[in-house]
Amino acid sequence: MQRVIVLVGIALALLGLGWILWGPKGKVGLDPAQGARFALGDPNAPVVVVDFSNYLCPHCQNHVLNVLPQLKAEYIDTGKVRYLFRDFPFPGQANVIRASEAAACAADQGRYYEYHEVLFRAASSWGNLQGSVLDRYLVDLAGQMGLDENTFAQCLSSNKHREGVLADQKLASDLGLTGTPTFFIAGEKHTGFLPYEEWKTLLDKALAEKK
């Protein structure tokens, strides 16, 4: 049984890799910001960043835990940048889709950003869970943050946010994105982890061009 589980895991990983390497190459004229459901910062900020992320991506985790807090303090909270979050689950990642739904349920209680961050911190704990066991973990996580567990559980079981997650996934595919994280910084695409110093250079340049 253990060998079967391992083989299934390998097959799903290969499926996701194949989709990344040989998937759609992108349609022309799409706006990566259009329809974004979650955001930080002033809606009128001069520079917009769009973040396509995956909750089981180590580079995304590194960004969220070590870079985004600095961006938030220096650029987002100061009104310079509007930061948009988008979900990018790969094929076969039902648990990532579920985690993304859970983050949306946290947003219903005004705690998207905090839950988003906690999902990355706890990725090693829930990354191998599925089905009702995963749902129970996601609800418990919400309770630990002080969210109303009953409301959260009802939201999650309703699947009401799945359409939004899948819409983000389709947009990522239509844009021809090949990996996570992928950022659109003032409309310019950057794939992969960027250290804070590089972010600062790119954002300062974009802000200067807006003046």
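Visitor: Is His-116 buried or exposed?
Guide: Keep in mind that this is a predicted model, where local features need pLDDT of at least 70, side-chain atom pairs count only at pLDDT 80 or more, and totals for chains, interfaces and linings use all residues. Residues are numbered from 1 along each chain as its sequence is written, and side-chain values use heavy atoms, with hydrogens and water left out. The label rests on relative accessible area, with a 1.4 Å probe and protein chains only: under 20% is buried, over 50% exposed, in between partly exposed. His-116 has 3% relative accessibility, so the verdict is buried.

Visitor: Which residues does His-116 touch, leaving out those up to four places away in sequence?
Guide: His-116 sits in helix H4; helices here are DSSP runs of H or I, at least four residues, and strands are E runs of at least two, numbered from the N terminus. Contact means heavy atoms within 4.5 Å. On that count, the partners are Tyr-55, Val-64 and Phe-85.

Visitor: Where does H2 kink?
Guide: The bend at a residue is the angle between axes fitted to the seven residues ending there and the seven starting there. In H2 that gives a kink of about 45°, shortly before the proline Pro-69, at Val-67.

Visitor: What kind of aromatic pair do Phe-88 and Phe-90 form?
Guide: Rings of Phe, Tyr and Trp (its six-membered ring) pair if their centres lie within 6.5 Å; planes under 30 degrees apart are stacked, over 60 edge-to-face, the rest tilted. The structure holds nine such pairs. For Phe-88 and Phe-90, the centres are 5.2 Å apart with 85° between the planes, making the pair edge-to-face.
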